Amino acid sequence: MVAMLNEWLWQEQYWLPPGIRWQDIEMKDEDGRFPMPRDLLITLPLAFAFIALRYVFERIIAIPFSKCLGVKDRIRIRAPPIPKLEAFYEHVSRQPSQSQVVSLGRQCGLSQRKIQTWFRHRRNQDKPSNTKKFCEASWRFAFYLVSFAAGLGSLIDTPWFWDHKECWRGYPKQPVADAHYWYYILELSFYLSLLLSVSVDVKRKDFKEQVVHHIATIFLIGFSYAANYVRVGTLVMLVHDSSDFLLESAKMFHYAVWTTTCDSLFVVFAVVFLVTRLVVFPCRIVHTTMVLSRDFFQPFFGYYFFNVLLLVLQGLHIFWAYLILRMLYKFVFTGKVERDERSDEESEVDEHEEEGEEEEPEGKEGERNYKQRKETINSKLTSLANNCVLNNLTNQRNLNIRLRKAR
């Protein structure tokens, strides 16, 4: 069974252009390294090594650095332990409907306001701290910056960096330099580590899109290496790394409340992202793989599969460009970036409501209705008006006495 599966998986029509066999691309040691699928097996242990390195990096570098920049965590009120509410929170819903709030209030003997306050405190209790978000952003910033610098240094002298037709000249018998081999292996290992740790990372509004992006990237890097699309693959990775480290740096200063620096970096990131992802990527790289490559070989399965993955990435680029343009719109009309459109999944309103929250005294039924609040406000206004009238009368009386004495 294993032999049959192996034979089916590595059929030449899947991986090689028509008319080319595996024997035709065999290379001798002096010709250089030829990419083999078994080379990718090392990425799994390297992914776990990245996770361990991240753990050390966050505690030795990121946390002290966050304190130097002045990152502060919000003090949140902890929800009191109520087993029935905790069970509902864990297994049913984190945001109960009005009917569910009424039902829970009857079960626990609490008012609706008490129930809503408990769930708000409980949701805020699970939110990641600013320090955790800063550490995550700083780890990605460090990797993307090093990856971009190393990738640019290894590619700037290559012929296909300037002339994209060179990506396909001599394909598929193209040797791979050691620098490009490690560029591929480390990028794939890093994205594997992100996918493995996605459940413990900060969950954002585009969580599903991020998972799709990681999976598509892993398939794209792995398949392009096995099919020796390494030259164009290095360009794809370089284009993505060029803006990613700018985004992560803007997040770091956002959590540190360095507003001016954050806004400046975000504008630079937005320009680089829109140019590289909406202009360079589709007009240069996708055009190269879909059009220019056909001058050197006929389309085959690998050609279609690779281009489909590139189009999936381009769809995600358009989605993120929409979010970025929304933030730019707010920046132009309000003068600052209000918040990350990809921020935490939970609403920010909960935290604002928690600050300075005062518990209202409960009446006979455990809550104050609208009529009672209205009467209280009216009585306060009446008292205030009476005080103003009495003060005016007192002042007028004193003034009359003074006038009489003066006369």
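Helices in this description are DSSP runs of H or I, at least four residues long, numbered from the N terminus. With that convention fixed, the predicted model can be read through its aromatic contacts, one buried arginine and one pocket.

The structure contains 32 aromatic pairs. One of them joins Phe 269 and Phe 273, whose ring centres lie 5.6 Å apart with 50° between the planes, a tilted arrangement. Both residues belong to helix α12, which spans residues 259-290; because they are four residues apart there, about one helical turn separates them. Phe 269 is buried, its relative accessible area being 3%. Phe 273 likewise counts as buried, with a relative accessibility of 3%.

A second pair, formed by Phe 301 and Phe 305, is stacked: the centres are 5.8 Å apart and the planes differ by 15°. Here the setting is helix α13, residues 301-334, in which Phe 301 and Phe 305 are four residues apart and therefore separated by about one helical turn. As for solvent exposure, Phe 301 has a relative accessibility of 42% and so counts as partly exposed. Phe 305, at 27%, is also classed as partly exposed, since that class begins where the buried range, under 20%, ends.

Aromatic contacts also extend beyond single pairs. Phe 50, Phe 57, Trp 139, Phe 143, Tyr 144, Phe 190 and Tyr 191 together make up one aromatic cluster.

Attention now turns to a charged residue. Arg 123 is located in helix α6, which covers residues 112-126. Its relative accessibility is 8%, and Arg 123 therefore counts as buried, the limit for that class being under 20%. The side chain of Arg 123 reaches the backbone oxygen of Arg 94 at a distance of 3.0 Å.

The final feature is a pocket. The second largest pocket in the model has a volume of about 380 Å³. It is lined by 14 residues, of which Leu 40, Ile 218, Phe 219, Gly 222 and Phe 223 are the closest to its centre. Helix α10, residues 207-226, makes the greatest contribution to this lining, supplying five residues. By residue class, the lining of the second largest pocket comprises 11 nonpolar residues, two polar residues and one charged residue.

How values were computed. Residues numbered from 1 in each chain as written. Predicted model: local features only at pLDDT ≥ 70, side-chain atom pairs only at ≥ 80, totals over all residues. Heavy atoms only, no water. Phe/Tyr/Trp six-rings, centres within 6.5 Å; stacked < 30°, edge-to-face > 60°. Helix = DSSP H or I, 4+ residues; strand = E, 2+ residues; numbered from the N terminus. Buried < 20%, exposed > 50% of the residue type's maximum accessible area, 1.4 Å probe, protein only. Polar contact = N/O pair within 3.5 Å; in protein donor to acceptor, adjacent residues only side chain to side chain. 1 Å grid on protein atoms, 1.4 Å probe; cavity = no way out; pocket = protein on both sides within 12 Å on 5 of 7 lines; lining within 4 Å. Points joined across faces, edges and corners; volume = space filled by probe spheres on them. Nonpolar A, V, L, I, M, F, W, Y, C, P; charged D, E, K, R; others polar.
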